[in-house]
Amino acid sequence: MASQTPSSSTPTSQDFSRDSSGTTASSADVVALRERLDGLLEQSLAELQDLVRIPSIAFEGYDREGVETSARAVADLLRSTGLPDVRIERVEGGSPAVIARRPAAEGRPTVMLYAHHDVQPTGDEAAWTSAPFEPEIRGDRLYARGAADDKAGVMAHVTALRLVGEELAERGIGVTVFVEGEEECGSPTFRPFIETFAEDLSADVIVVADSANWAVGTPALTTSLRGVVDLTVTVRSLKHAVHSGMFGGPALDALTLLSRLIATLHDEDGSVAVEGLVVANDPQVDMPEADYRRDAGTVDTLELAGTGPLTARLWTRPALAVIGIDATPVQQASNTLIPEARAKLSLRIPPGQEPRAAMDALVGHLESHAPFGAEVVIERGEEGRPYAAGDDTPGMRLARSAFARAWDTDAVDTGLGGSIPFIADLLEVFPRAEVLVTGVEDPDSRAHGIDESLHLGEFARVCIAEALLLRDAAELPAAQTGAARD
């Protein structure tokens, strides 16, 4: 189908102001903001569609011009909000990031808004219902790569600033927007970037718009994130391929041996069987199994792995997956024993787990379970820290209040099984700052997957909530500067 552009038939923010019970918010402030958003929403959705048309994939092997074009587009959008200082910056070897700011008045707080403009590769484009970089509105969702993760986060920042930017300037509240261009490929230069531009990025509250809400109509404040470690394991059984009939039997092929090694990683019930990994406390909320199955898209006959609450299995316990295998493709198969096969493993680790210790535990398990004396070679990869928010803080209270007014229902404190390792860097470089993890996604957004989409109602609510949070930042304690001081 052809892509759709918002028109007079596009729903307004009023269509999205109700929760599942049908109640409406009574706050005069929220009503006024919704009315103002009605005049901006069509423009914001059109600009979001323009932004997702740019294939800003920062991985090696992809055209880098998409990332450069995306950075320029984001800079133009932020200039349109009236922020006086907007520029594209980078450090050596890094992708372009955008910094936009208006410094705070003396003694007033600064809020930093984070998002990223790079996106994941599309995978099999033929599997998409519509072309991944040709946005299409179907029902109440916008489909495109990056529509939810995370160009909607960029546009939420832009729209919120258009809603209340002038008020912030009058009140002396500082605003900094930081939109990086390499988050999906692991933010390899994130730490040197924020250290280089620490003075510009220093803030009292940092809003990371790269997470998900509990459900459509129910907001969430993400209070924990799993960390991640990954590695590549290669199994060798032969020095070269040999005829499977003449030599098969005494020597097993490398793919069979790799499969046997992988099988040792989980117990019979599907729990991770690697010794030395941390298990954190169970969350206070759980989700129905039917909801998980629907959102994850499991086949009807699949038995769920592990034990305990589903939220614990998703947020506070380790999870280990094989995310890639290199071996002879079926189409190229011949009657030979495969001498070498390798797999990439991704281990999600809960709060309280040190990434290096988790990596060591996984490496030790693989080396000690080498099947039939096969040669096992391991290449260590990424190590990302988990995150756990502190106790109830002024920033968290402001966020929950803003969410409750924007959605007309209380927010849920949730964990997230995914990882945002750079949050640890933010907390180390800006130790006095509060980090609030929010987002525009919902359980059906399919971020990173085929047919990624954004719920238009959630987008409108996020814009209102962020505008309220920014305006309410005036209630925060006098600015103490988020950056470390000697």
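This report walks through the fold, one small sheet, a well-enclosed strand and the empty spaces of a predicted model.

## The overall picture

Let's start with the whole chain. It contains 14 helices and 18 strands. If you drew a box around its C-alpha atoms along the principal axes, that box would be roughly 80 × 60 × 45 Å. For 486 residues, a compact globule would have a radius of gyration near 23 Å, and the chain comes out at 24 Å, so the two agree. As for how much is tucked away, 52% of the 486 residues count as buried.

## A small open sheet

Now zoom in on a sheet of three strands. Strands of a sheet pair through backbone hydrogen bonds, and they can do so in parallel or antiparallel fashion. This sheet is open, its order is S4-S5-S18, and its pairing is antiparallel. Which strands stand at the edges? They are S4 (136–138) and S18 (453–455), and each has a single partner strand, so one side of each is left without a neighbour in the sheet. On average, neighbouring strands here are turned by 25 degrees against each other, direction ignored.

Take a look at the pairing between S5 (residues 141–143) and S18: the two are antiparallel and share three bridges. You can find one of these contacts by eye, since Arg141 has His455 in S18 as its bridge partner.

Just before S18 there is a loop worth a stop. His448 belongs to the loop between S17 and S18. Is His448 buried or partly exposed? Its relative accessibility is 43%, so His448 counts as partly exposed, a class that runs between 20% and 50%. His448 also shows how folding can bring separate parts of a chain together: Pro121 is 327 residues away in sequence, yet the C-alpha atoms of the two are 7.8 Å apart in space.

## Strand S8 and its partners

Next up is S8 (220–225). Six of its six residues are buried, so S8 is largely enclosed by the rest of the structure. S8 has a parallel pairing with S16, made over five bridges. Within that pairing, Leu221 has Asp413 of S16 as its bridge partner. S8 also pairs with S15 (residues 387–388), this time in the antiparallel sense and over two bridges. There, Ser224 stands opposite Ala388 of S15.

## A pocket beside these strands

S8 and S16 turn up again in the lining of the second largest pocket, where they and H12 each supply at least two residues. The space in this pocket is about 480 Å³. It has 22 lining residues, and those closest to its centre are Thr223, Asp282, Pro283, Gln284 and Asp413. Asp413 is thus a residue you have met before, as the bridge partner of Leu221. Which element gives the most to the lining of this pocket? That is S16 (412–416), with four residues. Sorted by class, the lining has nine nonpolar, eight polar and five charged residues.

## Closed cavities

Rolling a probe the size of a water molecule over the atoms shows where empty space is left. In this model there are four cavities of 30 Å³ or more. Here are two of them next to each other.

| Cavity | Volume | Lining by class |
|---|---|---|
| Largest | about 100 Å³ | nine nonpolar, three polar, one charged |
| Second largest | about 60 Å³ | four nonpolar, three polar, two charged |

The largest cavity has 13 lining residues, and Phe403, Thr438, Val462, Ala465 and Glu466 lie nearest its centre. The elements giving two or more residues to this lining are strands S7 (205–212) and S17 (434–441), together with helices H12 (394–407) and H14 (456–472). H14 gives the most, with four residues.

What lines the second largest cavity? Its lining consists of Ser95, Ala97, Phe178, Glu180, Gly181, Glu182, Thr189, Phe190 and Phe193. Strand S6 (174–180) and helix H5 (190–196) are the elements that give two or more residues to this lining.

## Tying it together

H12 is a handy landmark when you turn the model. It gives residues to the lining of the largest cavity, and it also supplies at least two residues to the lining of the second largest pocket.

Key: Residues numbered from 1 in each chain as written. Predicted model: local features only at pLDDT ≥ 70, side-chain atom pairs only at ≥ 80, totals over all residues. Heavy atoms only, no water. Pairing = 2+ DSSP bridges. Axes fitted to C-alpha atoms, helices over the stretch in contact; angles between N-to-C directions. 1 Å grid on protein atoms, 1.4 Å probe; cavity = no way out; pocket = protein on both sides within 12 Å on 5 of 7 lines; lining within 4 Å. Points joined across faces, edges and corners; volume = space filled by probe spheres on them. Nonpolar A, V, L, I, M, F, W, Y, C, P; charged D, E, K, R; others polar. Rg over C-alpha atoms; globule rule 2.2 N^0.38 Å. Buried < 20%, exposed > 50% of the residue type's maximum accessible area, 1.4 Å probe, protein only.
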